[in-house]
Amino acid sequence: MLPANLLSVGFTWLWITVGVLTIPIRALSADPAPAASSVVPGVTLVERTCQSCHIAPELDALDRQTWVKETLRFMAPWLGLSRLNYDSQPDGPILRDARIHPDEPVFSREEWQAVVGYFASNAPIQLPPPPPGPLPREGIPGFATERFVATASLPFVTLLRIEPDRQRLLIGDGQDRSLRALDRQGKTLWHLPVPSGPVSIATTSSRDAFLLTLIGRVFPSDEPAGQIWRVVEQAGQVSPTLLLKGLRRPVHASYVDLDGDGNQDVVVSAFGNRLGNLSWFRGKPDGSFQERVLEEYPGTLRTLPIDWNRDGRLDLLVLRAQAREGISVLLNDGDSTFQPRHLVNFPPTFGAVSLDLADVDGDGSEDFLVVNGDSGDYASPHKPYHGLRIYSRQGEDRLVLRTFLPVHGAYGTRARDFDGDGDLDLAVIAFFPDFNEHPSGSFRFYRNLGGLKFEAFALPRIAAEAGRWLVMDAGDLDGDGDDDIVLGSFFRGPPTVPIPASVSAGWESNRLAVMLLRNTRR
């Protein structure tokens, strides 16, 4: 089993592009349908139809205007109510051949009006505020902020990985299309050109080798352009070997011997966009791999190898976004088959981003840290249910929510004993914070007080606004015995939340790629 703290969250770009919608078949209208005994009520149509792809949406998940003006339009191609212009997209032929959208409308005009009327009449006018949480104080105690890496071009950081044993930082860049190793002073040790943005690193049994996941297309696409490389480092030189290619926008890979045959396998989370899968590439004695698709769904974010049922075989803990959002475990039967068990199902508006394991409450058992905050599909208000959730396991297949820390647009977390008091504190970044009212919400530090109680801290505004933080890692970068934090900025991103012009202009002018939060405890 690979420990959770060795698996980088990496790059989990989640939003879906709808493309150009043409040939509107059913007009979107906020006017309720005329009363007619033959028309099925909107609530019944929603429950009957929507649950074929995801759990039934709750009315209060979004405000009324977003439901009618954005969400229902976004869903129109999936209901056969509008057509995608496949010719306008590079992956159009793939989508056309996949036939994932209905050829005929799912609803009649009257039924569609009933659906729209249901949301227009019953959804809240505005969303409530987040539930009470610890109010953040400005300044992170025990940390000093530093501009660690600036770029000549715009920052497009897609991966950060601290290697404490070597006191260095690995940086993946989606624009420069490279992986670089920097020493503790920020000096480049080596530079590896790659075909696309690096998004995930998996350790191997060799200290001098790792697996590198390359996403293929950074922005949403179903083109099979992703790759997995094995990178060997010797005498300060890196030598890559292509292991897997033709992957549909992979965002994570686990390197593990799943079937116990002595050959290392690769489990690839191919997030895709409208298409995607979770695949097990079985390692062969000759070094080749044989693919077996475990799940044929888009949106898989990562897997954590774990012996879930304690039978001596490694199972797979899986986090998935997109429509079928949730956490599941694939139980290894020992005969090359896996049985899925769903642990937690999330609504389709949830915006799952990351899953980590860490013993935050100090009871000797690992907790499940789930971050949700993706808001890249279309313009929508800040959601009160975005943030960090901590679950504990009870029984065989039950996760119980222990606490929730609300963070608008949350995108990743790291659990470490940052203050050296013996328990795990939490660092959280946000890619879709409230840039207008609470720009310091792009980073939160939660000091553990015990009993799942926390003190909250925020970066000073000037530091919080210095970048748009997509990725993060934590570890002892400078070798002084305490854990530092690095934040990676990705300049481009969907403008689905309001971003003041002064803030985006600052990202462009300061060219800050990596900010270091240096732990000053020692």
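Accessible areas here come from the Shrake-Rupley method with a 1.4 Å probe, and for residues only the protein chains shown count as cover. By that method the protein exposes about 20,800 Å², with carbon and sulfur atoms supplying 49% of it.

Before you start clicking, note that this is a predicted model, in which local features need pLDDT of at least 70 and side-chain atom pairs count only at pLDDT 80 or more, while totals for chains, interfaces and linings use all residues. Residues are numbered from 1 along each chain as its sequence is written, and side-chain values use heavy atoms, with hydrogens and water left out.

**The whole chain**

Show everything as a cartoon. You will find six helices and 31 strands; helices (H or I, at least four residues) and strands (E, at least two) are DSSP runs, numbered from the N terminus. The C-alpha trace spans about 75 × 55 × 50 Å along its principal axes. A compact globule of 522 residues would have a radius of gyration near 24 Å, and the 23 Å of the protein agrees with this; the radius is taken over C-alpha atoms, and the globule rule is 2.2 Å times the number of residues to the power 0.38.

Colour by accessibility next. Of the 522 residues, 56% are buried, where buried means under 20% relative accessible area, exposed over 50%, and partly exposed in between (1.4 Å probe, protein chains only). Contacts, meaning heavy atoms within 4.5 Å, can be sorted by sequence separation: among those with a separation of 6 or more, 57% are between residues 24 or more positions apart.

**Stop 1: two crossing helices**

Select residues 42-50 (helix 1) and 109-122 (helix 4), which pack at an angle of about 100° with their axes 8 Å apart. Axes are lines fitted to C-alpha atoms, for helices over the stretch in contact, and angles run from 0 to 180 degrees between N-to-C directions. Helix 1 and helix 4 are therefore roughly perpendicular; angles under 35 degrees count as roughly parallel, over 145 as roughly antiparallel, 65 to 115 as roughly perpendicular and the rest as oblique. Turn on side chains where they meet: Gly42, Val43, Leu45, Val46 and Arg48 come from helix 1, and Glu111, Ala114, Val115, Tyr118 and Phe119 from helix 4.

**Stop 2: the sheet 5-6-7-8**

Four strands make an open antiparallel sheet in the order 5-6-7-8. Its edges are strand 5 (157-163) and strand 8 (188-193), each pairing on one side only. Neighbouring strands are turned by 15° against each other on average, direction ignored. Two strands pair if DSSP finds at least two bridges between them; strand 7 (residues 178-183) is joined to strand 8 by five, running antiparallel. Pick Ala181 to find its bridge partner in strand 8, Trp190.

**Stop 3: strand 15 and its partners**

Select residues 277-283. Six of the seven residues of strand 15 are buried, so the strand is largely enclosed by the rest of the structure. On one side it pairs with strand 14 (residues 265-270) in the antiparallel sense over five bridges, and with strand 16 (residues 289-295) it pairs antiparallel over six. Leu278 is a handy marker: Ser269 stands opposite Leu278, and Leu278 also stands opposite Glu295 in strand 16.

Now follow the turns. The hairpin of strands 14 and 15 has six residues between the strands, with Gly272 at a positive phi of about 65°. That of strands 15 and 16 has five, and Gly287 in its turn has a positive phi of about 90°.

**Stop 4: the sheet 21-22-23-24**

Here is another open antiparallel sheet of four strands, in the order 21-22-23-24. Strand 21 (352-358) and strand 24 (399-406) each have a single partner, so one side of each is left without a neighbour in the sheet. The twist averages 20° from one strand to the next. Strand 22 (residues 367-372) and strand 23 (residues 387-393) pair over five antiparallel bridges, with Val370 opposite Arg389.

Is Thr403, in strand 24, buried or exposed? Thr403 is buried, at 16% relative accessible area. Beyond its neighbours within four places in sequence, Thr403 contacts Leu388, Arg389, Ile390 and Leu452.

**Stop 5: strands 26, 27 and 28**

Finish with strand 26 (residues 425-430), joined to strand 27 (residues 443-450) by four antiparallel bridges; Ile429 stands opposite Phe443. Strand 27 then pairs antiparallel with strand 28 (residues 453-458) over six bridges, and Gly450 faces Lys453 there as its opposite residue. Two residues lie between the strands of this hairpin, and one of them to click on is Gly451, with a positive phi near 65°.
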